[in-house]
Amino acid sequence: MEADILNQSTKQPFILGMDVSFMDEIEQHGGTYRDADGKEEDLLTILKLNDANAIRLRIWNDPVGGFCNLERTIEVAKRIKAQGLQFLLDFHYSDRWADPANQWKPKAWENLSYEQLKLAVCTYTADVLRALKEHDALPDMVQVGNEITPGMLWDDGRVGGEEHDTDEQWQRFAGLVKYGIAAVKSVDPSIQIMIHIDRGGDNAESRKFYDRFEALGVEFDVIGLSYYPWWHGTLDALRDNLNDLAKRYGKPINVVETAYPWTLEQPEGIEWIMNQEDMLLPGYPATVEGQTRYLQDMLQIIREVPGGLGHGFYYWEPAWIPSKEEWSVGHPNNWGNLTMFDFKGRKLDSFKALTAAQELNATSFV
């Protein structure tokens, strides 16, 4: 069995992915990116030339400002496909951020019954994918929900806590996810399904979640985990969780969100979300070198997952550079020291961690 899993998993290149969902917004308001020599270049071109092989985008139903909606997602997806990059589409099923603290319905769905809500998830998901298909920009993989540890489309699909951690609520939540999955497969059954939670270093909660989905018959292809060390624990905790989940479920696992600071410097008027020395991992300073070492060591942990089931990773918003306020309508930038570009949009040397991993990719397929 393990040999079969290994043979199956090694047919696909190790994912070295980047979530650049803010790219469109930044570009539309004059933001630019540069290679290490200072030459201005298209961001996707820079990423590809520096060994990224996959791009992740989030999609919101009807967001304020218009970015990350279907129209703009189509335009960016066409660029991703033109570069020959893998494409992961992340459905938030919301008009704004969906995460462990926020899983709010789109405004247009707020008054729907549960049965109507399931149909809305199905119809919307299929409509988005059909529109992308018309433009030859279908994703290779789809997330049905973003960091859905506490459920999604609250309160109908809410789980967790004393009030909502019931069999009935889990069944309702799973029903919504199943309708999303069915919609994806109805458009193209070859699209892989990722189920994404936020507990990269928390094995107990990860097992609780995926055990529930397994018992409820939710059929999906890839486990997705967020792992931010200052929230989710040590690299050893990540390793233990990945290894246990691989052995327990036999599915490929992707660390689909991660980041690490290259500086703690805060320009005037800006406050980073990660801004304290005591939030750093020991041995990984907030420098370009520390960021590089973090990526190298994390990627090694993923590669060593049993059965060859370490699927790869996506760096969350490596290009969300500090910019004029209007560049991020409703999204003040608190992330600019966690990027892989400096404050002026120049590529950092930490990309060499991807280059080293890509070299291992090449030797794996000889």
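Where is the place of glycine 17? Select glycine 17 and you will land in strand β1, residues 15-19. Helices (H or I, at least four residues) and strands (E, at least two) are DSSP runs, numbered from the N terminus.

Before moving on, a word about the model. This is a predicted model, in which local features need pLDDT of at least 70, side-chain atom pairs count only at pLDDT 80 or more, and totals for chains, interfaces and linings use all residues. Residues are numbered from 1 along each chain as its sequence is written, and side-chain values use heavy atoms, with hydrogens and water left out.

**Stop 1: the whole chain**

Zoom out to see the protein chain, which has 12 helices and 10 strands. Its C-alpha atoms fill a box of roughly 55 × 50 × 40 Å, taken along the principal axes. The radius of gyration is taken over C-alpha atoms, and the globule rule is 2.2 Å times the number of residues to the power 0.38. For 366 residues, a compact globule would have a value near 21 Å, and the 20 Å of the protein chain agrees with that.

Of these 366 residues, 55% count as buried. Buried means under 20% relative accessible area, exposed means over 50%, and partly exposed is in between (1.4 Å probe, protein chains only). Contact means heavy atoms within 4.5 Å. Among contacts between residues at least 6 apart in sequence, 76% join residues at least 24 apart.

**Stop 2: back to glycine 17**

Is glycine 17 buried or exposed? Glycine 17 counts as buried because its relative accessibility is 0%. Leaving aside neighbours within four places in sequence, show its contacts: Asn53, Ala54, Phe313, Tyr314 and Tyr315. Now add leucine 354, which is 337 residues from glycine 17 in sequence but 9.4 Å away in space, C-alpha to C-alpha.

**Stop 3: the nonpolar core**

Move one residue along to methionine 18. Which residues touch the most other members of the largest nonpolar core? They are Met18 and Phe313, in a core of 104 residues. Helix α5 (residues 114-134) gives this core its largest share, 10 residues. Apart from it lies another core, of 8 residues, including Ile15, Ala54, Met141 and Tyr314. A nonpolar core is a set of buried Ala, Val, Leu, Ile, Met, Phe, Trp, Tyr and Cys residues joined through side-chain atoms within 4.5 Å. In soluble globular proteins, nonpolar side chains tend to be buried together.

With neighbours within four places in sequence set aside, methionine 18 is in contact with residues including Leu47, Arg56, Phe313, Pro318, Met340 and Leu354.

**Stop 4: isoleucine 302**

Go next to helix α11 (residues 288-303) and pick out isoleucine 302. Isoleucine 302 is buried because its relative accessibility is 1%. Beyond residues up to four places away in sequence, isoleucine 302 touches Phe14, Leu242, Val255, Gly310, His311, Gly312 and Phe313. You met Phe313 earlier as a contact of glycine 17.

**Stop 5: two residues of helix α8**

Helix α8 (residues 203-215) holds arginine 207, and phenylalanine 209 is found in helix α8 too. Arginine 207 counts as partly exposed, at 28% relative accessibility, whereas phenylalanine 209 counts as buried, at 2%.

What does each one touch, not counting residues up to four places away in sequence? For arginine 207, look for Asp244, Leu245, Arg248 and Tyr249. For phenylalanine 209, select Ile148, Thr149, Trp170, Phe173, Ile195 and Ile197. The C-alpha atoms of phenylalanine 209 and isoleucine 197 are 8.4 Å apart, with their places 12 residues apart along the chain.

**Stop 6: some backbone details**

Select tryptophan 154 and aspartate 155: the peptide bond from the one to the other is cis, with omega near 5°. Aspartate 155 lies in the loop between β5 (151-152) and β6 (157-158).

Then try cysteine 68, in the loop between β2 (54-59) and α4 (70-82). Its phi is near 70°, a positive value in a residue other than glycine. Cysteine 68 is buried, with a relative accessible area of 7%.

Finish at glutamate 317, in the loop between β10 (310-316) and α12 (352-364). Here phi is near 50°, again a positive value in a residue other than glycine. Is glutamate 317 buried or exposed? Glutamate 317 counts as buried because its relative accessibility is 0%.
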